[in-house]
Amino acid sequence: HITYDISALSQVIPFERSEKITIGNGTGLPIKNIGSTTLQTPTHSLVLNKVLHVPNIPRSLLSVKQLCADNKSWFICDDSEFFVQDKKTREIVYQGKSRPDE
């Protein structure tokens, strides 16, 4: 997960490594902090862990694979293909292919 908005994060700690996020045009954007937050939906409060604070990124980004890992009590996800499914209603909210860990 990536956000430009540090005020959206809690438990913020400085990111002390030199890694950068590379965007589509090849530009490397520095990671300044790491923290966590919650995403409110009409039925759930979803946890987002390991959110990178990248001040110069134009849009916040969400990793569906990480969303599933952070919220196993709410969603059922597989390593290669994922189905985000509400466990209570069994409704499939989203599905897609997942890249293997690099």
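**Entry 1: a term first**

I count two strands as paired if DSSP finds at least two bridges between them. I start with β1 and β6, which pair in the parallel sense over two bridges. I looked up I2 and found its bridge partner in β6, which is L52. The model I am reading is predicted.

**Entry 2: the whole chain**

I listed the elements next. The chain holds eight strands and one helix. Read from the N terminus, the order is β-β-β-β-β-β-α-β-β. The chain has 102 residues, and 29% of them are buried. I then checked contacts between residues with a separation of 6 or more. Of these, 39% join residues 24 or more positions apart. The chain exposes about 7200 Å². Carbon and sulfur atoms supply 52% of that area.

**Entry 3: the four-stranded sheet**

Which strands make up the open sheet, and in what order? I read β1-β6-β5-β2, four strands with mixed pairing. β1 (2-3) and β2 stand at the edges, so each has a single partner strand and one side without a neighbour in the sheet.

I went through the pairs. β2 (residues 10-14) and β5 run antiparallel and are joined by three bridges. β5 and β6 (residues 45-53) are also antiparallel, with seven bridges between them. β1 and β6 are the parallel pair. That fits the mixed pairing I noted for the sheet. A general note to keep here: strands of a sheet pair through backbone hydrogen bonds, either parallel or antiparallel.

I wanted named residues for these pairs. S10 has S36 in β5 as its bridge partner. T37 has L48 in β6. How many residues does the hairpin between β5 and β6 run through? I found four.

**Entry 4: three residues of β5**

I began with N33, which lies in β5. Its relative accessibility is 13%, so N33 counts as buried. I set aside residues up to four places away in sequence. N33 then touches I6, V12, I13, P14, F15, V51, L52 and H53.

Next I took S36, also a residue of β5. Buried or exposed? With a relative accessible area of 10%, S36 is buried; the cut-off is under 20%. Its side chain makes a polar contact with the side chain of Q11, at 3.3 Å. Beyond four places in sequence, S36 touches A8, L9, S10, Q11, L48, N49 and V51. S10 in that list is also the bridge partner of S36.

Last came Q40. Strand β5 covers residues 33-40, and Q40 is in it. Q40 has a relative accessible area of 56%, so it is exposed; the cut-off is over 50%. Which side chains does the side chain of Q40 meet in polar contacts? One is T38, at 3.5 Å. Another is S45, at 3.1 Å.

**Entry 5: the nonpolar cores**

I looked for the largest nonpolar core and found eight residues. They are I2, F15, I21, L29, I31, L52, V54 and I57. A second, separate core has five residues, among them L9, L48, V51 and L67.

I2 and L52 belong to the largest core, and they are also the bridge partners from my opening entry. I picked I31 from that core for a closer look. Leaving aside neighbours within four places in sequence, I31 is in contact with F15, E19, I21, L52, H53 and V54. Of these contacts, F15, I21, L52 and V54 appear in the core list too.

I also cross-checked the second core against S36. L9, L48 and V51 belong to that core, and S36 touches each of them.

**Entry 6: the salt bridge**

How many salt bridges does the count give? I found one. It joins the side chains of R17 and E19, at 2.5 Å from N to O. I checked how open each partner is. R17 has a relative accessibility of 54%, so it counts as exposed. E19 is partly exposed, with a relative accessible area of 41%. E19 had already turned up in my notes, as a contact of I31.

Technical notes: Residues are numbered from 1 along each chain as its sequence is written. This is a predicted model: local features need pLDDT of at least 70, side-chain atom pairs count only at pLDDT 80 or more; totals for chains, interfaces and linings use all residues. Side-chain values use heavy atoms; hydrogens and water are left out. Buried means under 20% relative accessible area, exposed over 50%, partly exposed in between (1.4 Å probe, protein chains only). Contact means heavy atoms within 4.5 Å. Accessible areas come from the Shrake-Rupley method with a 1.4 Å probe; for residues, only the protein chains shown count as cover. A polar contact is a pair of N or O atoms within 3.5 Å; within protein, one must be able to donate a hydrogen and the other to accept it, and residues adjacent in sequence count only if both atoms are side-chain atoms. A nonpolar core is a set of buried Ala, Val, Leu, Ile, Met, Phe, Trp, Tyr and Cys residues joined through side-chain atoms within 4.5 Å. A salt bridge is a side-chain nitrogen of Lys or Arg within 4 Å of a carboxyl oxygen of Asp or Glu.
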